[in-house]
Amino acid sequence: MKKGWLESMFARMMPRGAEKLGLSKMNFGGLGPKMIKHVMKKHNAPTLPQLIELAEEQGVTLIACTMTMDLLGLQKEEPLDGIEYAGVAAYLGEAADAKVNLFI
């Protein structure tokens with residue numbers, strides 16, 4: 001994708017999929033994700049990609065905020081496949097009718 005300088009910098013900071021997400025302040029120079037994946041495997045917890053797949057199977061609607069995408073210079077081809085896009089007002093309308101709502 002052709003992007004400006006600032007958008008390119010944001011793109012470099014963004015993860016390239018669920019497997020490459022950082023672990024907040026517990027990243028420990030890259031060791032944190034390995035540690036948490038080990039603990040998750042030890043306790044037979046599903047991985048993030050498995051949870052995303054399960055959410056899709058359960059009919060969960062994932063909505064990306066178009067304002068945030070514009071600010072970060074993200075194109076609709078970059079996030080996960082199968083998500084919806086909405087501005088703040090549309091998101092709030094959907095969230096008001098939802099049984100469960102998580103804003104991340």
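Which residues make up the largest nonpolar core? Select Ala64, Met69, Leu72, Leu74 and Ile83: these 5 residues form it. Keep them highlighted; the tour returns to one of them below. The model on the screen is a predicted one.

**The whole chain**

Begin with the protein chain in cartoon view. Its secondary structure consists of 5 helices and 2 strands. Followed along the sequence, these elements come in the order α-α-α-β-α-β-α. Colour the chain by burial next: 13% of its 104 residues count as buried. Then switch to a surface view. The protein chain exposes about 8,700 Å², and 61% of that area is supplied by carbon and sulfur atoms. For the contacts, take those in the protein chain with a separation of 6 or more: residues 24 or more positions apart account for 36% of them.

**Helix H2 and the loop after it**

Select residues 31-42, which are helix H2. Place a distance label between the end C-alpha atoms, which are 17 Å apart. The helix has 12 residues, and at 1.5 Å a residue it should span 16 Å, so the two values agree.

Within helix H2, pick Met40. Is Met40 buried, partly exposed or exposed? Its relative accessibility is 25%, and burial ends at 20% while exposure begins over 50%, so Met40 counts as partly exposed. Show what surrounds Met40: beyond its neighbours within four places in sequence, it is in contact with Ala45, Pro46 and Thr47.

Move on to Asn44, in the loop between H2 and helix H3 (48-57). Asn44 follows H2 and has a positive phi, near 55 degrees. That positive value occurs here in a residue other than glycine. Asn44 has a relative accessibility of 70%, so it counts as exposed.

**Met69 in the core**

Now go back to the core and centre the view on Met69, which lies in helix H4. How buried or exposed is Met69? At 7% relative accessibility it falls under the 20% limit, and therefore Met69 counts as buried.

Display the contacts of Met69, leaving aside neighbours within four places in sequence. The partners are Ala64, Leu74, Gln75, Lys76, Pro79 and Tyr85. Two of these, Ala64 and Leu74, also belong to the largest nonpolar core. For another partner, Pro79, add a C-alpha to C-alpha distance: Met69 and Pro79 are 9.5 Å apart in space and 10 residues apart in sequence.

**A nonpolar patch on the surface**

Select Met67, Leu71, Val88 and Leu92 and show their surface. Together they make a nonpolar surface patch of about 410 Å². Two elements each give two or more residues to the patch: helix H4 (66-72) and helix H5 (88-97). Met67 is one of the residues in helix H4. Helix H4 thus appears at two stops, as Met69 of the core also lies there.

**The segment after H5**

The last stop is Leu102, in the segment after H5. Leu102 has a relative accessible area of 68%, over the 50% limit, so it is exposed. Where does Leu102 stand relative to Leu62? Draw a line between their C-alpha atoms: the two are 9.7 Å apart in space, although 40 residues separate them in sequence.

Conventions: Residues are numbered from 1 along each chain as its sequence is written. This is a predicted model: local features need pLDDT of at least 70, side-chain atom pairs count only at pLDDT 80 or more; totals for chains, interfaces and linings use all residues. Side-chain values use heavy atoms; hydrogens and water are left out. A nonpolar core is a set of buried Ala, Val, Leu, Ile, Met, Phe, Trp, Tyr and Cys residues joined through side-chain atoms within 4.5 Å. Buried means under 20% relative accessible area, exposed over 50%, partly exposed in between (1.4 Å probe, protein chains only). Contact means heavy atoms within 4.5 Å. Helices (H or I, at least four residues) and strands (E, at least two) are DSSP runs, numbered from the N terminus. The expected span of a helix is 1.5 Å times one less than its number of residues. Patches are made of residues with over 30% relative accessible area and no salt bridge: like charges are joined within 9 Å, nonpolar side chains (Val, Leu, Ile, Met, Phe, Trp, Tyr) within 5 Å. Accessible areas come from the Shrake-Rupley method with a 1.4 Å probe; for residues, only the protein chains shown count as cover. A salt bridge is a side-chain nitrogen of Lys or Arg within 4 Å of a carboxyl oxygen of Asp or Glu.
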